[in-house]
Amino acid sequence: MEEKKFALLIDSDNISASYIKLILDELAKYGTVTYKRIYGDWTRSNAAKWKDVLLANSINPVQQYSYTSGKNATDSAMIIDAMDILYSGHVSGFCLASSDSDFTRLAMRLRESGMYVIGMGERKTPEPFRSACEKFVLLDLLSNVESSQPNAPSAKSAAEDALTPISEIEQAIMRIISDNGDDGASMDIGELGSRLSKMYPTFDVRNYGYTKFSKFLEAAEF
């Protein structure tokens, strides 16, 4: 099977440079990143942290001046580039790294064209944008869970902070298994996880303190 090719588009106004390794590592699980672009006004002092990591990670910075106060020109530039890349036919998926709900319609449009769309942002990201993506990664939560710092939250606190309550996830799993049982067919763990992810784009067992879906199932209360 041919590996998926992704375009990574980063909104520097809404994503911290500290997440870059996590973003690239996560995206590598889905395919090869052929476009790596980041959008922002690089004349601003707050862009300095991003400048330090662009060269090391081969990310192409796209300069976008703020022509009018209160208007986000960065969003427009990123959306225009996304459509240009879409029509080039060179990729099979997109990763939109932002916590801005303005990209909701873009995610929907890309999926309408058959693209696999992964969103990456923080827990403050509005629900419409998260739901518009096929998969949404909560960078701040995942970063805390994987952190080795002394103040990193435990698995229990990570679960409490997760977007969807464990009880709701467990009920969804029971419904999926029950519905599949009515068809008289067996279901493997991979298929179960796939259906669950389609129902909850932000679902990730690591958010609940587990490294594998099988471990999550073993600890679930059914």
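Strand β1 and strand β4 (residues 93-97) run parallel and are joined by five bridges. Within this pairing, leucine 9 has leucine 96 of β4 as its bridge partner. The model described here is predicted.

Strand β1, which spans residues 4-11, is mostly covered, with six of its eight residues buried. A parallel pairing also links β1 to strand β2 (residues 31-40), in this case over eight bridges. Aspartate 11 is bridged in β2 to tyrosine 39. The connection from β1 to β2 passes through helix α1, formed by residues 20-28, and the resulting β-α-β crossover is right-handed. Strand β1 thus has parallel pairings with β2 and with β4.

At the level of the whole chain, ten helices and six strands are present. The chain contains 222 residues, and buried residues account for 45% of them. The accessible surface of the chain amounts to about 11,700 Å², and carbon and sulfur atoms contribute 49% of this area. When contacts are restricted to residues at least 6 apart in sequence, 60% of those in the chain join residues at least 24 apart. The parallel bridges between β1 (residues 4-11) and β4 (residues 93-97), including the one from leucine 9 to leucine 96, connect segments that are distant in numbering.

Methods
Residues numbered from 1 in each chain as written. Predicted model: local features only at pLDDT ≥ 70, side-chain atom pairs only at ≥ 80, totals over all residues. Heavy atoms only, no water. Buried < 20%, exposed > 50% of the residue type's maximum accessible area, 1.4 Å probe, protein only. Helix = DSSP H or I, 4+ residues; strand = E, 2+ residues; numbered from the N terminus. Pairing = 2+ DSSP bridges. Right-handed = clockwise from strand over helix to strand, strands pointing away. Contact = heavy atoms within 4.5 Å. Areas by Shrake-Rupley, 256 points an atom, 1.4 Å probe, with all protein chains shown as cover.
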